[in-house]
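Thank you all for coming. I would like to take a few minutes to walk through one structure, so please have a look at it before I begin.

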Amino acid sequence: MFIVTGPYFGYLLTVSYRMYHVVNDRYIIHRGDEHADKDGLRDIDIGTTLGIGYIKTLNQSFSVSLSAHYNQGVLNVNKSNDLVINSSFNLLCGIIYNLR
């Protein structure tokens with residue numbers, strides 16, 4: 001078992017968004033993949049990450065890993081006065097090959 005913690009740094013390449021709201025007791029989803037505007041957002045994001053994981057050795061050459069990470073931004077990525085802070089939850093799995 002292992003713990004992951006530390007800072008992260010992000011740079012904005014593209015913008016997409018998904019907005020949810022309720023109309024007549026139904027959830028409506030709006031997607032903004034094509035018309036999203038980068039001009040109102042900062043290009044750089046900085047935050048912290050915390051996670052836990054497990055590595056299982058299969059043989060001398062291969063291991064598999066499974067981990068869960070939570071990322072929390074600390075900067076307002078919106079250029080206007082509205083507060084927009086990124087956060088995400090990630091599940092990661094991988095295959096590790098030992099080069100020795």
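Let me start with a question: in which sense do strand 1 and strand 4 pair, and over how many bridges? They pair in the antiparallel sense, over ten bridges, where two strands are said to pair if DSSP finds at least two bridges between them, and where strands are DSSP runs of E with at least two residues, numbered from the N terminus. What you see is a predicted model, in which local features need pLDDT of at least 70 and side-chain atom pairs count only at pLDDT 80 or more, while totals for chains, interfaces and linings use all residues. Residues are numbered from 1 along each chain as its sequence is written, and side-chain values use heavy atoms, with hydrogens and water left out.

Staying with that first pair, G10 has D45 as its bridge partner in strand 4, and Y11 stands opposite I44 of strand 4. Strand 4, which spans 44-57, is then joined to strand 5 by eleven bridges, again running antiparallel; these two strands form a hairpin with four residues between them, and T48 stands opposite Q72 in strand 5. Strand 5 is in turn joined to strand 6 by eleven bridges, and this pair runs antiparallel as well, with N90 in strand 6 as the bridge partner of H69.

Taken together, four strands form an open sheet in the order 1-4-5-6, with antiparallel pairing. Strand 1 (2-11) and strand 6 are at the edges and have a single partner strand each, so one side of each is left without a neighbour in the sheet. On average, and with direction ignored, neighbouring strands of this sheet are turned by 25° against each other, the axes being lines fitted to C-alpha atoms. Strand 1 is also hardly covered, as the count of buried residues among its ten residues is one; buried here means under 20% relative accessible area, exposed means over 50%, and partly exposed is in between, using a 1.4 Å probe and protein chains only.

Turning to single residues, S67 lies in strand 5 and, at 8% relative accessibility, counts as buried. Its side chain makes a polar contact of 3.0 Å with the side chain of H69, a polar contact being a pair of N or O atoms within 3.5 Å of which, within protein, one must be able to donate a hydrogen and the other to accept it, and for which residues adjacent in sequence count only if both atoms are side-chain atoms.

And where does N78 sit? N78 is placed in the loop between strand 5 (62-73) and strand 6 (87-97), and with 12% relative accessibility N78 counts as buried. The side chain of N78 has a polar contact of 3.2 Å with the side chain of S80, and a polar atom of the N78 side chain lies 3.4 Å from the backbone oxygen of D82. Leaving aside residues up to four places away in sequence, N78 touches G40, L41, R42 and V84, where contact means heavy atoms within 4.5 Å.That is the tour I had planned, and I am happy to go back to any part of it.

Notes. Axes fitted to C-alpha atoms, helices over the stretch in contact; angles between N-to-C directions.
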